[in-house]
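Hi,

Here is the structure I promised to send over. Have a look at it first, and then read on for my notes.

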Amino acid sequence: MTTLRPFTCNDLFKFNNLNLDPLTETYGLNFYTHYLAHWPEYFMVAESPSGEVMGYIMGKAEGHGENWHGHITALTVSPEYRRLGLAATLVKSLEELSEMKQAYFVDLFVRVSNKVAIRMYEQLGYIVYRTVLEYYNGDPDENAFDMRKALSRDVMKKSVIPLTHPVRPEEVD
């Protein structure tokens, strides 16, 4: 039985295997602890009965007015636990939290080349809102999709009306 629980500082010593995946963005220790200190409720781990970290989601709440939203910063599942619905479960938990915080939408950035993740997010109701050029460390070969899903507070679904032109990272608010 998988347990979803809040991420703790001790998990920083257990999740290295998940971060070895080339499609998983990895950050410095300060980045993880910053999220843990500021948005602990948005940092969840899926744990096996033996205590192994199966996957995690890291996010935050940000913005103002109708731009108030939940954001998925990182989501990864260990290769041996993929295709079991864990990523969808983690995403849904972040969406539910964002609903409770009265967010208008949830967004995330995903590599344009990561077709598996894009398909999963689309199946969860996300749309490509815009393309962000050279999002990944200024790499001219790797753009990102900014994907969004409207939540119940956005009755008119204004937050998910796609932009028709790409933007640069410095234009992302």
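**Salt bridges, a strand and a helix**

R130 is buried, with a relative accessible area of 7%. Keep in mind that this is a predicted model, so please read everything here as computed.

What does R130 pair with? Its partner in a salt bridge is D146, and the closest N and O atoms are 2.8 Å apart. That pair ties together distant parts of the chain: R130 belongs to strand β6 (residues 127-132) and D146 to strand β7, 16 residues apart. D146 has 0% relative accessibility and counts as buried too, the cut-off being under 20%.

There are eleven salt bridges in the structure. As a reminder, side chains of opposite charge can pair when their charged atoms come close. Another one is between R5 and D11, at 2.7 Å from N to O. Both R5 and D11 are buried. Through salt bridges with shared partners, R5, D11, K14 and E47 are joined into one network.

Then there is K101 with E41, where the closest N and O atoms lie 3.2 Å apart. Here the link is between two loops: K101 sits in the one between α3 and β5, and E41 in the one between α2 (29-38) and β2 (43-47), with 60 residues separating them. Are these two buried, exposed or partly exposed? K101 has 33% relative accessibility, so it counts as partly exposed. E41, with a relative accessible area of 32%, is partly exposed as well.

Now for β5, the strand that follows that K101 loop. Seven of the seven residues of β5 (residues 105-111) are buried, so the strand is largely enclosed by the rest of the structure. F105, D107, F109 and R111 point one way from β5, while V106, L108 and V110 point the other way. Both sets are buried, so if you go looking for an exposed residue in this strand, you won't find one.

Which strands pair with β5? One is β4 (residues 69-77), which runs parallel to β5 and is joined to it by four bridges. In that pairing, H69 stands opposite F105. The other is β7 (residues 144-150), which is antiparallel to β5 and connected over seven bridges. There, L108 of β5 stands opposite M147. β7 is also the strand that holds D146, the salt-bridge partner of R130. Between β4 and β5 comes helix α3 (residues 86-100), and β4, α3 and β5 make a right-handed β-α-β unit.

Last, helix α4 (residues 115-123). Its buried residues are A117, I118 and Y121. Seen down the helix axis they fall within an arc of 100 degrees, so they line one face of α4. The general background is that an α-helix has 3.6 residues a turn, so residues three or four places apart point the same way. On the face turned away from the buried side you get K115 and Q123, both exposed.

What covers the buried residues of α4? The cover includes β4, α3, β5 and β7, so the β-α-β unit comes up again here. After α4 comes G125, with a positive phi near 100 degrees.

Cheers

Conventions: Residues are numbered from 1 along each chain as its sequence is written. This is a predicted model: local features need pLDDT of at least 70, side-chain atom pairs count only at pLDDT 80 or more; totals for chains, interfaces and linings use all residues. Side-chain values use heavy atoms; hydrogens and water are left out. Buried means under 20% relative accessible area, exposed over 50%, partly exposed in between (1.4 Å probe, protein chains only). Two strands pair if DSSP finds at least two bridges between them. A crossover is right-handed if, with the strands pointing away from the viewer, the path from the first strand over the helix to the second runs clockwise. The arc is that of the directions from the helix axis to the C-beta atoms. Contact means heavy atoms within 4.5 Å. A salt bridge is a side-chain nitrogen of Lys or Arg within 4 Å of a carboxyl oxygen of Asp or Glu.
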